[in-house]
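User: I am new to this structure and should like a close look at one part of it, set in its surroundings. Please define each term when it first appears.

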2 protein chains.
Amino acid sequence: MLRLTKKADYGLMALKYLAEQTGGSAHSAKDIAEAYHIPPQLLAKILQTLAKGGLLVSHAGTNGGYALAKPANEITAFEVIRTIDGPLFITSCITIHGACDLTSTCTIKEPLRKVNDSIKDLLSGIYIADLVEPGDAERSKHAVGGGLVSIAL
Amino acid sequence: MLRLTKKADYGLMALKYLAEQTGGSAHSAKDIAEAYHIPPQLLAKILQTLAKGGLLVSHAGTNGGYALAKPANEITAFEVIRTIDGPLFITSCITIHGACDLTSTCTIKEPLRKVNDSIKDLLSGIYIADLVEPGDAERSKHAVGGGLVSIAL
DNA sequence: CATTCTCCGACTCATACGGTCTTCTACAGT
DNA sequence: ACTGTAGAAGACCGTATGAGTCGGAGAATG
């Protein structure tokens, strides 16, 4: 159920890595890939996608690499996942157009959309900085609704 | 992101349909499929899975079909999804064994597991009966934490 | 007993994710 | 300016899995 793609996993790992490295110097895709033992070329492609999405800035050439485009506490897990996996939704009924091909017959669309939104809020409340310091209190100021996400059908 | 399979969709729709039909008489897979315009044979297979999982009872032969094995307010969306899609998790890191192949290097596993649990709680608070009567107050007595699901990294 | 209806398991097909390879472009240091 | 390094971008392939199909087994009714 509710599978997140490996690409998004890798992307989050890479961002966390970059967030940990203090000092704005760039880190190459190869370095990050080796640190986590993931395929370098695949990670490179993911980082490219993130750069194109505006979450990373790339710097070509010797001693080049990638760096965060924004502070780690301003990048949400939701942004990362959406950038990599695209604007997919919990159910095939919910499309970018907001209507499914069975709009008239599909009667569970609305409740599921609520669930979808709740999960979206959940992920929007998680920042890269939170991944770096899991026990830190800093995050709470960003957490959505103080860490609570409501669900009402 | 976070895609739910079409099968789970269909399964939820079918359960909702059965929950709406008052009177414990059985309804054939064909009837439900026609009501929602979904491939009959595919729905049949989904219903088989649900029956095998103990959520439905099947009755073969003329005038046979399926019926809910439990009251609609005792079947959660989480049960349905897990029965159909299997015990999958939000990320490939989180397996049934609890460990990923990169246990040592993958540092974002723990936060994501929390997210995974939150989503699980979210879905566990939704009952088939809630889908039938979206505006009903009845559901609130079942809702997890009064409709709130906490997320703390 | 036989026919019809329904469930049931095995099977095929398509999509897209995961991963790789190759080529081109841009920057840094000498 | 030259060269080596590193990113950018595209095509490409294998495989896993989701979506959908087909023939058979079993049960109830007449």
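Analyst: The account below turns first to the chain as a whole, then to one helix, and then to the DNA around it.

The model is predicted, and local features are therefore reported only at pLDDT of at least 70 and side-chain atom pairs only at pLDDT 80 or more, whereas totals for chains, interfaces and linings use all residues; side-chain values use heavy atoms, with hydrogens and water left out. Residues are numbered from 1 along each chain as its sequence is written, while chains are lettered from A and ligands numbered from 1 in the order in which they are written.

Chain A contains six helices and three strands; helices (H or I, at least four residues) and strands (E, at least two) are DSSP runs numbered from the N terminus. Along the sequence they follow the order α-α-α-β-β-α-α-α-β. Of the 153 residues of chain A, 46% are buried, a term that denotes under 20% relative accessible area, with exposed meaning over 50% and partly exposed the range in between (1.4 Å probe, protein chains only). Contact means heavy atoms within 4.5 Å. Among contacts in chain A between residues at least 6 apart in sequence, 60% join residues at least 24 apart. The accessible surface of chain A is about 7,200 Å², and carbon and sulfur atoms account for 52% of this surface; such areas come from the Shrake-Rupley method with a 1.4 Å probe, and for residues only the protein chains shown count as cover.

The part chosen for a close look is helix 2 of chain A, which spans residues 29-36 and includes Ala29(A). Which residues of this helix are buried? They are Ala29(A), Ile32(A), Ala33(A) and Tyr36(A). Viewed down the axis of helix 2 of chain A, the buried residues fall within an arc of 100 degrees, so they line one face of the helix; the arc is that of the directions from the helix axis to the C-beta atoms. An α-helix has 3.6 residues a turn, so residues three or four places apart point the same way. On the face turned away from the buried side, helix 2 of chain A carries the exposed residues Lys30(A) and Glu34(A). The buried residues of helix 2 pack against helix 1, helix 3 and strand 2 (65-68) of chain A. Just after the helix, His37(A) takes a positive phi of about 60 degrees.

Ala29(A) deserves separate attention. Its relative accessible area is 14%, and Ala29(A) is therefore buried. If residues up to four places away in sequence are not counted, Ala29(A) touches Leu43(A), Ala44(A), Leu47(A) and Tyr66(A). One of these partners, Ala44(A), lies 15 residues away in sequence, but the two C-alpha atoms are 5.5 Å apart in space.

Ala29(A) also leads to DNA strand D. Of the 24 residues around this strand, Ala29(A) is among those that come nearest, together with Ser28(A), Ser58(A), Tyr66(A) and Lys45(B); a residue is near a molecule or strand if one of its heavy atoms lies within 4 Å of it. Sugar or phosphate supplies 56% of the atoms of DNA strand D within 4 Å of the protein, and bases supply the rest. Ser58(A) places an N or O atom of its side chain 2.5 Å from a phosphate oxygen of DNA strand D, a polar contact being a pair of N or O atoms within 3.5 Å; within protein, one atom must be able to donate a hydrogen and the other to accept it, and residues adjacent in sequence count only if both atoms are side-chain atoms. A polar backbone atom of Gly61(A) is 3.1 Å from a sugar or linking oxygen of DNA strand D, and a polar backbone atom of Lys6(B) is 2.9 Å from a phosphate oxygen of that strand. The surface near DNA strand D has six nonpolar, 13 polar and five charged residues; Ala, Val, Leu, Ile, Met, Phe, Trp, Tyr, Cys and Pro count as nonpolar, Asp, Glu, Lys and Arg as charged, and the others, Gly among them, as polar.

DNA strand C may be described in similar terms. Of the 21 residues around DNA strand C, Lys6(A), Pro39(A), Gln48(B), Ser58(B) and Tyr66(B) come nearest. Tyr66(B) has a polar side-chain atom 3.3 Å from a phosphate oxygen of DNA strand C.
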